[in-house]
Amino acid sequence: MDKIKKFFEKKKADTKFKLAGEGHRLNETVQPPTVNRSIQSQARSEASTSAAQQQAAAAALARLEKKKDPTPQQRSAAIIRAQALKELELEKQDAPIQELSLSDKTQKFLPADQFAVSGVYYKCPLVGPDVLPKKEIENLIKEFLYQQLECEEAGLTACLVIHTLNKPPDKVQQCIETLFRYLDNIVQNPTEEKYHKIRINNKIYQERVAQLEGVQHFLQAAGFQLKSVQNSQQELEDVWVLLNTQPEHIEYISNLRDSLISAEPIRPELDRGLQILMPSQAAKRVELPSDFFWLTAEEIKREQQLKTEQAERGLMLRTRAMRERDEKAASRKYRFTLIRVKFPDGPVLQGTFKVNETMQDVRLFVSEALQEPFIEFSLVSPAAGVTNPADVLNPSLLDLQLCPSALFHFAPAVPSSSGYLKDDLMILMQSI
């Protein structure tokens, strides 16, 4: 039950923390945001990439020699960095990483090593460390909540059950508002007996409350008990009856009422599926699994026909509105996008994102993978030819046409001679 209490405490703490602004290290000199570097300066830095890569490889190995007793992890990471640089040198000059292909996504029996990612997976730290398909994680969340209902804080858990295990959102909201009104009437009028009963056959109860999961547990936690009582026609009917009307219990009902409103559903979190790839691995793994698309089997069969029609439309003059309509229709087929970030010393960082996430989410993902997470950097898109300035951090990845995949080059403000990614991430390449 401590997990449920901590969940509510964390929600309150997160709200306060967000209001405090951006965090910094205690010994960090906070500088104002820098203006974007020009594309020309990025091009000049890429022109001298080869020499810089050789220097970085030598520096990575030299760093091991200077250390009296490097850890096995540090030694492995340095060796992998040197291998990544070697592979980078073997690539054709100025040749970008192969773009992720969609042409063969309808093939069901491709070799596993041709897929950029095996699928889309989720996690929920509240219930455990498992990383599983979404449906399986949702089942774990449900099991976890029902286990917590047997503990002393059953009321708080029932609030989460109602928020988490019911759909659609408008029905859930109606139920919450109705339950809130039941409890609020008791809090505001604790001696009014008419508010101490809830008729099961009541139309509002049946339409807004009865069918939702967790309602019975919530009412029981609030002190109601289901009884058969005589109505005005002297007939027996089922009624929820509040048994405890002592002031202490009314205070508890008040707190439960507020918790019902403030609770938020427990949702599975998208797992980034973080991978660190060698340049050669990134070039081979270019296919995306069907999890990335909304397309049904019939829609996939029609894809070639749509391409033909699109080519025919390209031969005719089309208005801006017509083009925007077609682009919007095409964008609706994407659920997720695969982002790859190529580093100057060779490694390729890969992660999965929802299409409604933003470049800010991508930058945070990259920052968390860096040895020095506070360094200044830009992400350069070879396709767009521009870096990501602050004014494009808010639009979604779908709006920026970065779906179903996108490639960026990592451009640090100050180049490093000892690599960029954390050692514990670099050694992941050995197991891929």
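How many bridges join strand β8 to β11, and do they run parallel or antiparallel? In this predicted model, there are five bridges between β8, residues 336-342, and β11, and the two strands run parallel. To place one of those residues, I339 has A406 of β11 as its bridge partner.

β11 also pairs with β10. That strand covers residues 377-380, and its pairing with β11 is antiparallel, over four bridges. Here the example is L379, whose bridge partner in β11 is F410.

Now to burial. β11 spans residues 405-412, and eight of its eight residues are buried, so the strand is largely enclosed by the rest of the structure. Buried here is under 20% relative accessible area. If you look at the side chains by direction, S405, L407, H409 and A411 point one way, while A406, F408, F410 and P412 point the other way. Both sets are buried. A406 and F410, the two bridge partners I named, for I339 and L379, belong to the second set.

The other item is a sheet elsewhere in the numbering. This one is open, has three strands in the order β3-β5-β4, and pairs in the antiparallel sense. Its edge strands are β3, at 197-199, and β4, at 224-230, each of which pairs on one side only. From one strand to the next, the twist averages 35 degrees.

Within that sheet, β3 is joined to β5, residues 236-242, by three bridges, and the two run antiparallel. For a residue to click on, take I198: its bridge partner in β5 is W240.

Note on methods. Residues are numbered from 1 along each chain as its sequence is written. This is a predicted model: local features need pLDDT of at least 70, side-chain atom pairs count only at pLDDT 80 or more; totals for chains, interfaces and linings use all residues. Side-chain values use heavy atoms; hydrogens and water are left out. Buried means under 20% relative accessible area, exposed over 50%, partly exposed in between (1.4 Å probe, protein chains only). Two strands pair if DSSP finds at least two bridges between them. Axes are lines fitted to C-alpha atoms, for helices over the stretch in contact, and angles run from 0 to 180 degrees between N-to-C directions.
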